[in-house]
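Student: I would like to learn how to read the contacts in a model like this one. Where do we begin?

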Amino acid sequence: MRSKIVAGNWKMNITLEEGKTLVSQVLNSIENVDLENKKVVFGTPFVSINAVSEIVGNRENVFVASQNVSSFDKGAYTGEVSAEMLTACGVKMVIIGHSERRAYFGETNQVLADKVNMALKNNLTSIYCCGEVLDERKNDSFKAVIKSQIEEGLFHLSKDEFKNIVVAYEPVWAIGTGETATPDQAQEVHAYIRTLIEDKYDTETADNLSILYGGSMKPTNAKDLMSMSDIDGGLIGGASLNPKDFVEIILAM
Ligand code: PGA
């Protein structure tokens, strides 16, 4: 059975001390929450990973994610952070292919496929992001865009390797804009993604894949989105910076 997941993506917003306070507050608030078959993830900047990992400790079903990983193994790549380094700091998951990385840092599906491979090799779960921009939604090419993002970034994986993948559908027009996809709009794409996986692999692989929605998810819409049959959780930007909001979204999962 696939897990429900609420993952925060802090982006480049908070410092080490602010992050430590945020994680402690969230963990205190969910201390008595039953997380069976659920996962809470903190997607922190690299510099906060160690400290956040220490606070999380070996709590069950709470994980630290990085927001990026190098596509290279090791060596002379100034400024890069390898998957091996992340694993050594207690990271369990990595966000790969966020639309901001695609748009501002030129990350192509091919580079993202390399990053997914690095994650796999180092036992990290990839949270692989896909999603269309507004024009692609308006001219109805969004499914074709998502299909190529999924095919080119993930379909080189074997069925067994695919167990280490979580997909996040994040319509770019809904990220940080306050505009959210309706539950029906999101459900349509999530079901479509699951069909792509079923066609490529099999029903079991598709059924076991957690597919998260991202794009202005907040306490007021989280329940409606996550109650859709193919929406298994959320990748949360803005609302993950506020402990009260993030906890409310966790409770809605
Ligand atoms: P948002 O960001 O929740 O602030 O829209 C989501 C994301 O980019 O992951």
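Tutor: Begin with the polar contact: a pair of N or O atoms within 3.5 Å. The model here is predicted. In it, an oxygen atom of the ligand is 2.9 Å from a polar backbone atom of Gly-237.

Student: Which other residue offers a polar backbone atom to an oxygen atom of the ligand, and at what distance?

Tutor: Gly-176 does, at 2.7 Å. A side chain takes part as well: an N or O atom of Glu-170 is 2.7 Å from an oxygen atom of the ligand. On its own the ligand has 280 Å² of accessible area, and the protein covers 95% of this.

Student: How many residues surround the ligand, and how do they divide into nonpolar, polar and charged?

Tutor: There are 13, and Lys-11, His-98 and Ser-216 are among the closest. The shell has four nonpolar, seven polar and two charged residues.

Student: What describes a pair of aromatic rings?

Tutor: The distance of the centres and the angle of the planes. The whole structure has six aromatic pairs. In one of them, Phe-72 and Tyr-77 are stacked, with 4.0 Å centre to centre and 5° between the planes. Separately, Trp-10, Phe-42 and Phe-246 form one aromatic cluster.

Student: Why does Tyr-77 count as partly exposed?

Tutor: Partly exposed is the range between 20% and 50% relative accessible area. Tyr-77 falls in this class because its relative accessibility is 35%. Phe-72, at 38%, is partly exposed too.

Student: Which residues lie over the face of Phe-142 and of Tyr-201?

Tutor: Arg-137 lies over Phe-142, 3.8 Å from the ring centre. Over Tyr-201 lies Lys-200, at 5.8 Å from the ring centre.

Methods:
Residues are numbered from 1 along each chain as its sequence is written. This is a predicted model: local features need pLDDT of at least 70, side-chain atom pairs count only at pLDDT 80 or more; totals for chains, interfaces and linings use all residues. Side-chain values use heavy atoms; hydrogens and water are left out. A residue is near a molecule or strand if one of its heavy atoms lies within 4 Å of it. A polar contact is a pair of N or O atoms within 3.5 Å; within protein, one must be able to donate a hydrogen and the other to accept it, and residues adjacent in sequence count only if both atoms are side-chain atoms. Accessible areas come from the Shrake-Rupley method with a 1.4 Å probe; for residues, only the protein chains shown count as cover. Ala, Val, Leu, Ile, Met, Phe, Trp, Tyr, Cys and Pro count as nonpolar, Asp, Glu, Lys and Arg as charged, and the others, Gly among them, as polar. Rings of Phe, Tyr and Trp (its six-membered ring) pair if their centres lie within 6.5 Å; planes under 30 degrees apart count as stacked, over 60 as edge-to-face and the rest as tilted. Buried means under 20% relative accessible area, exposed over 50%, partly exposed in between (1.4 Å probe, protein chains only). A charge sits over a ring if NZ of Lys or CZ of Arg is within 6 Å of the ring centre and within 35 degrees of the ring normal.
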